[in-house]
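Visitor: I should like to request a close look at a single part of this model, followed outward into its surroundings.

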Amino acid sequence: MRNFQKELFVCIILFFISVNATSQSKKSGVTESDVKIEKKKKNKKKKVKLPEIDLSNWKVTIPEGKGKGGAISVEPPEILDYATNETLKPYMYNDSTKGALVFYAYPTAATTANTKYSRSELREQMVPGDDNVNWTFKQGGTLKAKIAMNSVSRDKNGKYHKVIILQIHGRLTNEQRDLIGQKDNNAPPVLKIYWQNGKIRVKTKKLKFPGVNATGILHEEAWTDDDGFNFEEEVGFRKFQIEVKVSDGKMVVILNKSEFAVYENASIKRWGIFENYFKAGNYFQSRDEGSFAKVNFYELAVGH
(Lines give C-alpha, C1' and ligand atoms only; values in the text may rest on other atoms or scores of the structure.)
Protein backbone atom coordinates (compact mmCIF):
# COMPACT_ATOMS: atom_id res chain seq x y z
CA MET A 1 0.00 0.00 0.00
CA ARG A 2 2.78 2.39 0.88
CA ASN A 3 4.57 1.63 -2.39
CA PHE A 4 1.37 2.37 -4.30
CA GLN A 5 0.91 5.73 -2.50
CA LYS A 6 4.56 6.60 -3.18
CA GLU A 7 4.23 5.86 -6.89
CA LEU A 8 0.99 7.88 -7.09
CA PHE A 9 2.66 10.87 -5.45
CA VAL A 10 5.58 10.74 -7.91
CA CYS A 11 3.16 10.60 -10.87
CA ILE A 12 1.26 13.68 -9.63
CA ILE A 13 4.50 15.64 -9.24
CA LEU A 14 5.66 14.74 -12.76
CA PHE A 15 2.25 15.68 -14.18
CA PHE A 16 2.39 19.20 -12.65
CA ILE A 17 5.98 19.70 -13.88
CA SER A 18 4.92 18.71 -17.41
CA VAL A 19 1.85 21.01 -17.43
CA ASN A 20 3.91 23.95 -16.13
CA ALA A 21 6.60 23.42 -18.74
CA THR A 22 4.02 23.31 -21.54
CA SER A 23 2.36 26.47 -20.23
CA GLN A 24 5.70 28.29 -20.10
CA SER A 25 6.53 27.11 -23.62
CA LYS A 26 3.20 28.41 -25.00
CA LYS A 27 3.61 31.79 -23.27
CA SER A 28 7.09 32.13 -24.67
CA GLY A 29 5.93 31.21 -28.22
CA VAL A 30 3.08 33.76 -28.24
CA THR A 31 5.35 36.51 -27.02
CA GLU A 32 7.94 35.86 -29.78
CA SER A 33 5.20 35.79 -32.43
CA ASP A 34 3.75 39.07 -31.22
CA VAL A 35 7.18 40.68 -31.41
CA LYS A 36 7.68 39.47 -35.00
CA ILE A 37 4.26 40.78 -36.09
CA GLU A 38 4.94 44.13 -34.42
CA LYS A 39 8.27 44.40 -36.22
CA LYS A 40 6.64 43.66 -39.58
CA LYS A 41 4.02 46.36 -38.99
CA LYS A 42 6.70 48.92 -38.22
CA ASN A 43 8.68 48.01 -41.35
CA LYS A 44 5.62 48.58 -43.56
CA LYS A 45 5.53 52.34 -42.85
CA LYS A 46 5.98 54.34 -46.09
CA LYS A 47 8.90 56.71 -46.35
CA VAL A 48 8.11 60.31 -47.28
CA LYS A 49 10.05 61.55 -50.33
CA LEU A 50 10.45 65.21 -51.25
CA PRO A 51 11.65 66.71 -54.55
CA GLU A 52 15.21 68.06 -54.73
CA ILE A 53 14.18 71.59 -55.70
CA ASP A 54 15.14 74.88 -54.06
CA LEU A 55 12.48 77.48 -54.85
CA SER A 56 14.38 80.44 -53.38
CA ASN A 57 14.95 81.93 -56.86
CA TRP A 58 11.65 81.05 -58.54
CA LYS A 59 8.19 82.58 -58.71
CA VAL A 60 5.18 80.61 -59.94
CA THR A 61 2.19 81.59 -62.07
CA ILE A 62 -0.99 79.49 -61.82
CA PRO A 63 -4.21 79.23 -63.89
CA GLU A 64 -6.25 81.22 -61.41
CA GLY A 65 -6.99 84.95 -61.25
CA LYS A 66 -8.94 87.63 -63.08
CA GLY A 67 -8.96 87.00 -66.81
CA LYS A 68 -6.30 87.65 -69.48
CA GLY A 69 -3.22 89.17 -67.90
CA GLY A 70 -4.58 88.54 -64.43
CA ALA A 71 -3.13 85.11 -63.65
CA ILE A 72 -1.92 84.90 -60.04
CA SER A 73 1.83 84.80 -59.36
CA VAL A 74 3.53 83.99 -56.06
CA GLU A 75 7.14 85.07 -55.44
CA PRO A 76 9.77 84.22 -52.83
CA PRO A 77 9.59 83.98 -49.90
CA GLU A 78 5.85 83.12 -50.02
CA ILE A 79 6.42 80.38 -52.60
CA LEU A 80 8.53 78.45 -50.10
CA ASP A 81 5.31 77.68 -48.21
CA TYR A 82 3.55 76.29 -51.30
CA ALA A 83 2.66 73.05 -49.47
CA THR A 84 0.38 74.97 -47.07
CA ASN A 85 -0.66 77.82 -49.39
CA GLU A 86 -4.36 77.26 -50.09
CA THR A 87 -4.22 79.21 -53.37
CA LEU A 88 -1.26 77.24 -54.76
CA LYS A 89 -2.11 73.75 -53.46
CA PRO A 90 -4.50 72.77 -56.29
CA TYR A 91 -1.87 73.58 -58.94
CA MET A 92 1.51 72.96 -57.30
CA TYR A 93 1.92 70.23 -54.71
CA ASN A 94 4.17 67.41 -53.50
CA ASP A 95 3.68 63.76 -54.43
CA SER A 96 5.46 62.38 -51.36
CA THR A 97 5.34 58.76 -52.57
CA LYS A 98 7.22 59.58 -55.79
CA GLY A 99 9.31 62.46 -54.49
CA ALA A 100 7.95 64.85 -57.12
CA LEU A 101 6.71 68.42 -57.30
CA VAL A 102 3.54 68.25 -59.41
CA PHE A 103 2.35 71.09 -61.65
CA TYR A 104 -1.31 70.89 -62.70
CA ALA A 105 -2.90 73.04 -65.41
CA TYR A 106 -6.07 73.15 -67.48
CA PRO A 107 -7.77 75.83 -69.61
CA THR A 108 -9.07 78.75 -67.57
CA ALA A 109 -9.83 82.41 -68.20
CA ALA A 110 -6.77 83.36 -66.11
CA THR A 111 -3.73 83.72 -68.39
CA THR A 112 -0.68 85.94 -68.63
CA ALA A 113 -0.87 89.00 -70.89
CA ASN A 114 0.67 87.59 -74.07
CA THR A 115 -0.95 84.17 -74.41
CA LYS A 116 -4.30 82.39 -74.65
CA TYR A 117 -3.01 79.34 -72.76
CA SER A 118 -3.05 78.65 -69.02
CA ARG A 119 -0.02 77.57 -67.04
CA SER A 120 1.30 76.36 -63.73
CA GLU A 121 4.90 77.39 -64.31
CA LEU A 122 7.99 78.65 -62.50
CA ARG A 123 9.85 81.77 -63.59
CA GLU A 124 13.50 82.23 -62.61
CA GLN A 125 14.37 85.25 -60.46
CA MET A 126 18.11 85.81 -60.03
CA VAL A 127 17.24 88.21 -57.23
CA PRO A 128 14.26 86.79 -55.30
CA GLY A 129 11.16 88.91 -55.82
CA ASP A 130 12.69 90.97 -58.67
CA ASP A 131 11.99 90.38 -62.40
CA ASN A 132 14.39 93.14 -63.45
CA VAL A 133 17.65 91.22 -62.91
CA ASN A 134 18.25 88.67 -65.65
CA TRP A 135 21.13 87.17 -67.66
CA THR A 136 22.56 87.31 -71.18
CA PHE A 137 24.04 84.57 -73.34
CA LYS A 138 27.45 86.15 -72.78
CA GLN A 139 27.01 85.64 -69.02
CA GLY A 140 25.79 82.09 -69.73
CA GLY A 141 23.40 79.76 -67.96
CA THR A 142 22.79 76.09 -67.23
CA LEU A 143 19.65 74.20 -66.29
CA LYS A 144 19.31 70.59 -65.18
CA ALA A 145 15.96 68.92 -64.58
CA LYS A 146 14.57 65.45 -63.98
CA ILE A 147 10.97 65.26 -65.16
CA ALA A 148 8.15 62.85 -65.99
CA MET A 149 4.76 63.40 -67.56
CA ASN A 150 2.28 62.41 -64.87
CA SER A 151 -0.93 62.44 -66.91
CA VAL A 152 -2.34 64.34 -69.87
CA SER A 153 -5.60 64.39 -71.82
CA ARG A 154 -6.05 63.55 -75.50
CA ASP A 155 -7.58 65.59 -78.33
CA LYS A 156 -10.48 64.46 -80.55
CA ASN A 157 -8.04 62.56 -82.79
CA GLY A 158 -6.66 60.56 -79.88
CA LYS A 159 -3.34 62.42 -79.68
CA TYR A 160 -2.05 63.66 -76.35
CA HIS A 161 -2.23 67.41 -75.80
CA LYS A 162 1.11 69.25 -76.00
CA VAL A 163 2.82 70.68 -72.92
CA ILE A 164 5.78 73.07 -72.75
CA ILE A 165 7.88 71.89 -69.82
CA LEU A 166 10.95 74.17 -70.07
CA GLN A 167 11.72 77.55 -71.65
CA ILE A 168 14.28 80.29 -72.01
CA HIS A 169 12.35 83.51 -72.35
CA GLY A 170 13.72 86.77 -73.70
CA ARG A 171 13.31 90.12 -71.99
CA LEU A 172 13.86 93.73 -73.01
CA THR A 173 15.74 96.08 -70.74
CA ASN A 174 13.83 99.23 -69.78
CA GLU A 175 15.97 101.20 -72.24
CA GLN A 176 15.19 98.78 -75.09
CA ARG A 177 11.49 98.84 -74.22
CA ASP A 178 11.40 102.64 -74.35
CA LEU A 179 13.48 102.75 -77.56
CA ILE A 180 10.88 100.77 -79.54
CA GLY A 181 7.88 102.21 -77.68
CA GLN A 182 6.67 98.88 -76.30
CA LYS A 183 4.32 98.88 -73.32
CA ASP A 184 6.09 96.02 -71.51
CA ASN A 185 9.47 94.23 -71.33
CA ASN A 186 8.35 91.07 -73.07
CA ALA A 187 10.58 89.54 -75.77
CA PRO A 188 10.13 86.21 -77.58
CA PRO A 189 11.09 82.88 -75.98
CA VAL A 190 14.32 81.70 -77.61
CA LEU A 191 13.79 78.13 -76.41
CA LYS A 192 10.68 76.00 -75.90
CA ILE A 193 10.95 72.35 -74.88
CA TYR A 194 7.77 70.34 -75.40
CA TRP A 195 6.48 66.97 -74.25
CA GLN A 196 4.59 65.91 -77.37
CA ASN A 197 3.05 62.45 -77.84
CA GLY A 198 5.65 60.85 -75.59
CA LYS A 199 8.65 62.53 -77.20
CA ILE A 200 10.69 65.66 -76.49
CA ARG A 201 10.55 68.41 -79.09
CA VAL A 202 12.68 71.57 -79.16
CA LYS A 203 11.87 74.86 -80.89
CA THR A 204 13.92 78.04 -81.09
CA LYS A 205 13.77 81.40 -82.85
CA LYS A 206 15.42 82.61 -86.04
CA LEU A 207 15.54 86.01 -87.69
CA LYS A 208 13.17 86.60 -90.61
CA PHE A 209 15.75 88.93 -92.17
CA PRO A 210 19.35 88.24 -91.05
CA GLY A 211 20.46 91.80 -91.91
CA VAL A 212 17.95 93.56 -89.63
CA ASN A 213 19.49 96.46 -87.70
CA ALA A 214 20.12 96.73 -83.93
CA THR A 215 16.79 98.49 -83.30
CA GLY A 216 14.64 96.38 -85.59
CA ILE A 217 15.94 93.18 -83.98
CA LEU A 218 14.27 94.18 -80.69
CA HIS A 219 10.77 93.84 -82.18
CA GLU A 220 9.02 90.48 -81.77
CA GLU A 221 8.02 90.69 -85.45
CA ALA A 222 11.71 90.35 -86.43
CA TRP A 223 11.69 86.74 -85.22
CA THR A 224 9.92 83.54 -86.23
CA ASP A 225 9.93 79.91 -85.12
CA ASP A 226 12.40 77.46 -86.62
CA ASP A 227 11.23 74.07 -87.94
CA GLY A 228 11.85 72.38 -84.58
CA PHE A 229 13.86 69.33 -83.59
CA ASN A 230 12.58 65.98 -82.29
CA PHE A 231 14.75 63.80 -80.08
CA GLU A 232 14.66 60.15 -81.17
CA GLU A 233 14.13 58.57 -77.75
CA GLU A 234 10.52 58.07 -76.70
CA VAL A 235 10.29 59.00 -73.02
CA GLY A 236 6.56 58.31 -72.66
CA PHE A 237 5.54 58.65 -69.03
CA ARG A 238 8.96 57.63 -67.68
CA LYS A 239 11.48 59.87 -65.94
CA PHE A 240 13.93 61.69 -68.19
CA GLN A 241 16.71 64.21 -67.72
CA ILE A 242 17.08 67.48 -69.61
CA GLU A 243 20.15 69.72 -69.57
CA VAL A 244 20.33 73.15 -71.18
CA LYS A 245 23.70 74.87 -71.61
CA VAL A 246 23.94 78.45 -72.86
CA SER A 247 27.08 80.41 -73.70
CA ASP A 248 27.94 83.37 -75.93
CA GLY A 249 26.39 82.58 -79.33
CA LYS A 250 25.59 78.95 -78.50
CA MET A 251 22.78 76.87 -76.97
CA VAL A 252 22.81 73.11 -76.34
CA VAL A 253 19.91 70.90 -75.20
CA ILE A 254 20.74 67.38 -73.98
CA LEU A 255 18.30 64.52 -73.39
CA ASN A 256 19.34 61.76 -70.96
CA LYS A 257 23.02 62.54 -71.55
CA SER A 258 22.85 60.76 -74.92
CA GLU A 259 21.13 62.99 -77.50
CA PHE A 260 22.15 66.57 -78.31
CA ALA A 261 20.49 69.50 -80.07
CA VAL A 262 23.13 72.17 -80.79
CA TYR A 263 22.28 75.71 -81.88
CA GLU A 264 25.21 77.82 -83.04
CA ASN A 265 24.08 80.01 -85.92
CA ALA A 266 23.81 83.65 -86.92
CA SER A 267 20.41 84.12 -85.25
CA ILE A 268 21.60 82.65 -81.94
CA LYS A 269 24.71 84.82 -82.04
CA ARG A 270 22.57 87.95 -82.47
CA TRP A 271 20.20 86.85 -79.69
CA GLY A 272 22.88 88.12 -77.30
CA ILE A 273 21.20 91.53 -77.40
CA PHE A 274 18.41 90.26 -75.11
CA GLU A 275 18.24 89.44 -71.42
CA ASN A 276 16.83 86.02 -70.51
CA TYR A 277 15.35 83.88 -67.76
CA PHE A 278 14.55 80.17 -67.39
CA LYS A 279 11.02 78.82 -67.00
CA ALA A 280 9.96 75.34 -65.85
CA GLY A 281 6.69 73.55 -65.17
CA ASN A 282 3.45 73.03 -67.08
CA TYR A 283 2.61 75.54 -69.81
CA PHE A 284 -0.43 73.69 -71.17
CA GLN A 285 -1.03 74.08 -74.93
CA SER A 286 -4.75 73.44 -75.27
CA ARG A 287 -8.07 75.22 -74.84
CA ASP A 288 -10.12 72.03 -75.39
CA GLU A 289 -12.96 71.54 -72.92
CA GLY A 290 -12.05 69.00 -70.24
CA SER A 291 -8.36 68.93 -71.18
CA PHE A 292 -5.59 68.96 -68.55
CA ALA A 293 -2.02 67.93 -67.78
CA LYS A 294 0.06 67.10 -64.71
CA VAL A 295 3.86 67.24 -64.88
CA ASN A 296 6.22 65.80 -62.23
CA PHE A 297 9.51 67.54 -61.45
CA TYR A 298 11.96 65.50 -59.38
CA GLU A 299 15.00 67.75 -59.70
CA LEU A 300 15.52 71.31 -60.93
CA ALA A 301 18.64 73.48 -60.66
CA VAL A 302 20.07 76.45 -62.54
CA GLY A 303 23.45 78.13 -62.52
CA HIS A 304 25.17 81.21 -64.01
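Visitor: Does Ser153 count as buried or exposed, and at what relative accessibility?

Guide: The model is predicted, and the values that follow are computed from it. Ser153 counts as buried because its relative accessibility is 10%, and buried means under 20%. This serine belongs to the loop that runs between strand E7 (141–152) and E8. Its side chain takes part in two polar pairings. One is a polar contact of 2.8 Å with the side chain of His161; in the other, the side chain of Ser153 reaches the backbone nitrogen of Phe292 at 2.9 Å. Leaving aside residues up to four places away in sequence, Ser153 touches Lys159, Tyr160, His161, Phe284, Ser291 and Phe292. Both polar partners, His161 and Phe292, thus appear in that contact list.

The surroundings can be followed through the strands. E8 (163–171) and E16 (275–284) are among the strands that each supply at least two residues of the lining of the largest pocket; the others are E2 (58–65), E3 (71–74), E6 (119–124) and E9 (186–196). Of these, E9 gives the largest share of the lining, six residues. The space in this pocket amounts to about 830 Å³. It is lined by 33 residues, of which Thr112, Asn114, His169, Asn186 and Tyr277 are the closest to its centre. By class, the lining residues comprise 12 charged, 11 polar and 10 nonpolar.

His169, one of those closest to the pocket centre, leads to a second loop residue, Phe274. The C-alpha atoms of His169 and Phe274 are separated by 9.5 Å, although the two residues are 105 positions apart along the chain. Phe274 lies in the loop between helix H3 (266–270) and E16. Phe274 counts as buried because its relative accessibility is 0%. Beyond residues up to four places away in sequence, Phe274 touches Trp135, Thr136, Arg171, Leu172, Ala187, Ile217, Leu218 and Trp223.

One further region completes the picture. The largest nonpolar core has 61 residues, and Ile165, Ile200 and Phe297 touch the most other members. Once residues up to four places away in sequence are set aside, the contacts of Ile200 include Ile165, Ile193, Tyr194 and Trp195. Phe229, Phe231, Val235, Phe240, Ile242 and Leu255 are also among the residues that Ile200 touches, as is Asn230.

How values were computed: Residues are numbered from 1 along each chain as its sequence is written. This is a predicted model: local features need pLDDT of at least 70, side-chain atom pairs count only at pLDDT 80 or more; totals for chains, interfaces and linings use all residues. Side-chain values use heavy atoms; hydrogens and water are left out. On a 1 Å grid over the protein atoms alone, a cavity is a set of points where a 1.4 Å probe fits but cannot get out, and a pocket is an open set with protein on both sides within 12 Å along at least five of seven lines; lining residues have an atom within 4 Å of a point. Grid points are joined across faces, edges and corners, and a volume is the space filled by probe spheres set on the points. Helices (H or I, at least four residues) and strands (E, at least two) are DSSP runs, numbered from the N terminus. Ala, Val, Leu, Ile, Met, Phe, Trp, Tyr, Cys and Pro count as nonpolar, Asp, Glu, Lys and Arg as charged, and the others, Gly among them, as polar. Buried means under 20% relative accessible area, exposed over 50%, partly exposed in between (1.4 Å probe, protein chains only). Contact means heavy atoms within 4.5 Å. A nonpolar core is a set of buried Ala, Val, Leu, Ile, Met, Phe, Trp, Tyr and Cys residues joined through side-chain atoms within 4.5 Å. A polar contact is a pair of N or O atoms within 3.5 Å; within protein, one must be able to donate a hydrogen and the other to accept it, and residues adjacent in sequence count only if both atoms are side-chain atoms.
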